[in-house]
Every structure is written in C-alpha cells, then in structure tokens.
Amino acid sequence: MKIQIINGPNLNLLGQREPTIYGSEGFDSYISKLQELYSIIEIDYYQSNVEGELINKLHEVGFSYDGIVINAGGYTHTSVALADAIAAIKTPVVEVHISNIYAREEYRHVSLTGKNCKGVLTGFGLDGYRLAIESFLK
C-alpha cells in the first residue's frame, strides 16, 4: 500500500508557527512516527507553498497510489484549481486540517476542496493524519 501525504502553504512551519493553534511538534518528527507506526505501508511526504506544485503532485500520484492525505492549508478555501485536480484523479483523497476550521474565522468555514474528497477531518491536531491513514485501511 502506498499513501501520499501532501501539505500546503505554511505547513513547513509546523512547530514554530502559532503553536497555540497548530501545536509545537514539527511535521518531520511526526511523519517519522507515522512511518514507524505503519511500517508495512509506504508513506511518502510532500510539502509546497506553491499551488501549481501541489496540483502537479496530485497529478503525479493520483493514478498510482492507494490514498492521498491532503492539508491544503489556505488553498482549501480559495483554490478552484486544486479542487478540480482532486476531482480529476482516481486515488481517493482525505482532507485534513489540524485546527477546527469551523471554530476559526468565517472565511475558513468553506472548503472548496472537501466536496471532492472521500472525507474531511478537522480539529484533531496532527492525529488527523493518522485517522486519515486508518480510513484507507478499512
């Protein structure tokens, strides 16, 4: 089984950026824990702050991987192109948000990408990524 995790803009700053919202753990240490926990699964990780690069990665893995976990960050609420890319691929996608987007600013309450995903997890912290992986094992 192959799962691709894709993180969007500003998520390279996890552990440093607004720790009261996003926690104090960086994603590099967290991804290592996931890879150890799910050692029988190939878990690949990609992060970009550039919308087009995220779309290119979806196109690259969207026909050969078993699952994609995406946290598109702010693009969740603004990117029709990213939503279209998710709709265009065959691999199921689960959208993850570390914070509860419905408990934040009103503009964050809308997900343009979520309707094209298998499911959406929001507000479970970094554990949302693990929960998303679990959804592909069922």
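**View 1. Leu13 in a loop of the predicted model.** Leu13 sits in the loop that runs between strand 1 and helix 1. Everything you see here and in the other views comes from a predicted model. How exposed is Leu13? Its relative accessibility is 34%, so Leu13 counts as partly exposed, since that label covers the range between 20% and 50%. Now look for Gly26: Leu13 and Gly26 are 13 residues apart in sequence, and their C-alpha atoms are 7.3 Å apart in space.

**View 2. Asn10 and Gln16, two more residues from the loop between strand 1 and helix 1.** Strand 1 covers residues 2-7 and helix 1 covers residues 19-22, with Asn10 in the loop between them. Asn10 is worth a pause for its backbone: its phi is positive, about 75°, although Asn10 is not a glycine. Most residues other than glycine have a negative phi. At 37% relative accessibility, Asn10 is partly exposed. Gln16 is found in the loop between strand 1 and helix 1 too. Is Gln16 buried or exposed? With a relative accessibility of 63%, Gln16 counts as exposed, because the cut-off for that label is over 50%. Gln16 can also be paired with Gly26: 10 residues separate them in sequence, and 7.5 Å separates their C-alpha atoms.

**View 3. The whole protein chain, to help you find your way.** Five helices and five strands make up the list of elements in the protein chain. Starting at the N terminus, you can trace them in the order β-α-α-β-α-β-α-β-β-α. The radius of gyration is 14 Å, close to the 14 Å that the globule rule gives for 138 residues, so the protein chain is as compact as a globular protein of that length. Its C-alpha atoms fill a box of roughly 35 × 35 × 25 Å along the principal axes. Of the 138 residues, 47% are buried. Which contacts link distant parts of the sequence? Among contacts between residues at least 6 apart in sequence, 77% join residues at least 24 apart.

**View 4. Helix 3 packed with helix 4.** Two packed helices are described by the angle between their axes and the distance between the axes. For helix 3 and helix 4 (residues 80-88), the angle is about 5° and the axes are 9 Å apart. Helix 3 and helix 4 are therefore roughly parallel to each other, as angles under 35 degrees count as roughly parallel. Which residues make the contact? Helix 3 brings Glu51, Leu54, Ile55, Leu58 and His59, while helix 4 brings Ala81, Leu82, Ala85 and Ile86. Sorted by class, the residues of this contact are seven nonpolar, one polar and one charged.

**View 5. Lys57, a buried lysine in helix 3.** Helix 3 spans residues 51-61, and Lys57 is part of it. Why does Lys57 count as buried? Its relative accessible area is 13%, and buried means under 20%. Apart from neighbours within four places in sequence, Lys57 is in contact with Gln4, Ile6 and Tyr46.

**View 6. Helix 2 packed with helix 5.** Helix 2 (residues 27-37) and helix 5 (residues 127-136) pack at an angle of about 30°, and their axes are 11 Å apart. These two helices are therefore roughly parallel to each other, and their crossing is right-handed. From helix 2, look for Phe27, Tyr30, Leu34 and Leu37; they meet Asp127, Tyr129, Arg130 and Ile133 of helix 5. By class, this contact has six nonpolar, no polar and two charged residues.

**View 7. Asp66 and its contacts.** Asp66 belongs to the loop between helix 3 and strand 3 (67-71). Its relative accessible area is 38%, so Asp66 is partly exposed. What does Asp66 touch? Leaving aside neighbours within four places in sequence, its contacts are Met1, Lys2, Thr91, Pro92 and Phe136. Asp66 and Glu134 are 68 residues apart along the chain, and 12 Å separates their C-alpha atoms.

**View 8. Leu137, in the segment after helix 5.** Leu137 is partly exposed, with 41% relative accessible area. Not counting residues up to four places away in sequence, Leu137 touches Met1, Tyr38 and Ile41. How many residues lie between Leu137 and Glu53 in sequence terms? They are 84 residues apart in sequence, and 28 Å apart in space from C-alpha to C-alpha.

Conventions: Residues numbered from 1 in each chain as written. Predicted model: local features only at pLDDT ≥ 70, side-chain atom pairs only at ≥ 80, totals over all residues. Heavy atoms only, no water. Helix = DSSP H or I, 4+ residues; strand = E, 2+ residues; numbered from the N terminus. Buried < 20%, exposed > 50% of the residue type's maximum accessible area, 1.4 Å probe, protein only. Contact = heavy atoms within 4.5 Å. Axes fitted to C-alpha atoms, helices over the stretch in contact; angles between N-to-C directions. Parallel < 35°, antiparallel > 145°, perpendicular 65-115°, else oblique. Left-handed = near helix turned anticlockwise from the far one by under 90°. Nonpolar A, V, L, I, M, F, W, Y, C, P; charged D, E, K, R; others polar. Rg over C-alpha atoms; globule rule 2.2 N^0.38 Å.
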